[in-house]
Amino acid sequence: MGAVAFILKGYPRLSETFITREIHALEQRGLDVRIYSLRRPTDRTRHPLHEKIRAVPRYLPEYLHREPLRVLRAWRQVSRRPGYRHAWRAFIRDLRRDFTRNRARRFGQALVLIAELDSGIQHLHAHFFHTPGSVARYASLLSGLPWSCSAHAKDIWTQGEGEMREKLKTCAWLVTCTRHNAEFLSRLQSRPGQVTLVYHGVDTVQFAPPESESPSLAPQPPFPAPHAPLSTSQPPPRTLQLLSVGRAVPKKGYEILLRALARIQDLDWRFTHIGGGPLLGQLQRRARALGMAGRIHWRGAQDSETVLQAYRAADVFVLASCISGDGDRDGLPNVLLEAQSQRVACVATRVSGIPELIDHGETGLLVAQNDDAELARALRQLLGDAGLRAKLAAAGYKKVRGEFPLERGIDRLMEKFGA
């Protein structure tokens, strides 16, 4: 197998650790990965794992008008190729359906990609089916190289079925990270077996079991009734730690979570949020309006080592994922896998692929999306019952270690790449 060009929307990104882990694991298996990114990084920090990846990222023109000579040189070179007319016709058909500046940008990026492609590359692979998938498709038509794709969440649910059918006509194969996604995409595939389920999995080396028991497993007395005097025969219950990791965007449901927390202010808890995102300031103002600012720690985007330590300090992990107005939704959030790998009891919603990981009442608690009252009841139940936290944490840990190891997914990908 020759080198594979990985076409990414942005690299490196703190919020896409699953891609970073995948690339590193594939390199460790001997796959020659070359990274081509459509955007430059915007995060101020990097994960330690980024430093271990051998591939040096190349950046395509993020905006064509900023590098016109580079785009023109690429067009002059690539327009002589036999596949140019076929790619141009496909682009014009797409442009009629989606007459946007972004559509033209994808074709221009594909021209530059092929003009500057390293020798020895024999395959193109896009992470995300929307924007990178469009660039990979045009680049495949221009060059004759096969292309494949890893589809995840927003890239599936916010683009039209017609667009995806067109891409699947030329895509050699596609993998996706939830059974929910795979069943949907299989109805659009152009040939049987084109779509394959490959869970991301958790890195059992980086996310090794905690050296000591997590707070969820430590015996704790139940909460006393509100305003009841504490017994002198036992120490008072300590403040329990709630954690959520995710970008502050609509599909993560943090507005719902704040409303749920407001319903349980009679309990002794502290909540930590890790992640950046455009809604962060709005959520902080909302927390102040609800009178909870002093009980919430907003830590912003953090590297993987900091996140790992936060898991190990948590009693309960909560994620209130929902389907946003534009159809965007989570796939199977990797943060749930990571939290369970550290023996933390989890509360989440019945959205997309989450029930494929969490069995309600056995490996975690599931509630309806957008229901702050039900979420509050689940949190109250967990915060007040140390035995239940311990039971769910242990069962979740066992399921993640047994059914969702990163190595299993990497095995499947190596087979797909023919390596």
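These exercises work through a predicted model.

**Exercise 1. The largest cavity**

Task: Find how many cavities the structure holds, then describe the lining of the largest cavity.

Solution:
1. Start with the idea behind the search. Rolling a probe the size of a water molecule over the atoms shows where empty space is left.
2. Count the cavities. A search of the whole structure gives five of 30 Å³ or more.
3. Take the largest cavity. Its volume is about 120 Å³.
4. List its walls. The lining has 15 residues. Glu22, Val198, Tyr199, His200 and Leu413 lie nearest the centre.
5. Sort the lining by type. Nine residues are nonpolar, five are polar and one is charged.
6. Ask which elements contribute. Helix H1 (17-28), strand S5 (147-151), strand S6 (173-176) and helix H16 (406-416) each supply at least two lining residues. H16 gives the most, with four.

**Exercise 2. The buried side of H16**

Task: Decide where the buried residues of H16 sit around the helix axis, and name the elements they pack against.

Solution:
1. Pick out the buried residues of H16. They are Leu406, Gly409, Ile410, Leu413 and Met414.
2. Check their directions. These residues cover an arc of only 140° around the axis, so they lie on the same side of H16.
3. Look across from them. The buried residues of H16 pack against H1 and S6.
4. Link back to the cavity. Leu413 is buried, and Leu413 is also among the residues nearest the centre of the largest cavity.
5. Move past the end of the helix. Gly418 follows H16, and its phi is positive, near 75°.

**Exercise 3. Three salt bridges**

Task: For the salt bridges of Arg34, Arg46 and Arg70, name each partner and give the N to O distance.

Solution:
1. Begin with the total. The whole structure has 31 salt bridges.
2. Take Arg34. Its partner is Asp118, and the closest N and O atoms are 2.9 Å apart.
3. Place both ends. Arg34 lies in strand S2 (residues 33-37), while Asp118 is in the loop between helix H4 (101-115) and strand S4 (121-127), so the pair ties together parts 84 residues apart in sequence.
4. Judge the burial of Asp118. Buried means under 20% relative accessible area. Asp118 has 16%, so Asp118 counts as buried.
5. Take Arg46. Its side chain meets that of Glu51 in a salt bridge of 2.8 Å, N to O. Arg46 is partly exposed at 41% relative accessibility. Glu51 has 55%, so Glu51 is exposed.
6. Take Arg70. Its partner is Glu67, with the closest N and O atoms 3.1 Å apart. Arg70 is buried at 15% relative accessibility, whereas Glu67 is partly exposed at 29%.
7. Now look for a network. Salt bridges with shared partners join Asp94, Arg97, Asp98, Arg103, Arg137, Glu163, Glu166, Lys167 and Lys169 into one.

**Exercise 4. The surroundings of Pro41**

Task: Locate Pro41, then state whether Pro41 is buried, partly exposed or exposed.

Solution:
1. Find the residue. Pro41 sits in the loop between S2 and strand S3 (58-59).
2. Read its accessibility. The relative accessible area is 39%, so Pro41 is partly exposed.
3. Find its contacts. Leaving out residues up to four places away in sequence, Pro41 touches Tyr11, Pro12 and Tyr59.
4. Set sequence beside space for one pair. Pro41 and Val335 are 294 residues apart in sequence. Their C-alpha atoms are 22 Å apart in space.

Definitions and conventions:
Residues are numbered from 1 along each chain as its sequence is written. This is a predicted model: local features need pLDDT of at least 70, side-chain atom pairs count only at pLDDT 80 or more; totals for chains, interfaces and linings use all residues. Side-chain values use heavy atoms; hydrogens and water are left out. On a 1 Å grid over the protein atoms alone, a cavity is a set of points where a 1.4 Å probe fits but cannot get out, and a pocket is an open set with protein on both sides within 12 Å along at least five of seven lines; lining residues have an atom within 4 Å of a point. Grid points are joined across faces, edges and corners, and a volume is the space filled by probe spheres set on the points. Ala, Val, Leu, Ile, Met, Phe, Trp, Tyr, Cys and Pro count as nonpolar, Asp, Glu, Lys and Arg as charged, and the others, Gly among them, as polar. A salt bridge is a side-chain nitrogen of Lys or Arg within 4 Å of a carboxyl oxygen of Asp or Glu. Buried means under 20% relative accessible area, exposed over 50%, partly exposed in between (1.4 Å probe, protein chains only). The arc is that of the directions from the helix axis to the C-beta atoms. Contact means heavy atoms within 4.5 Å.
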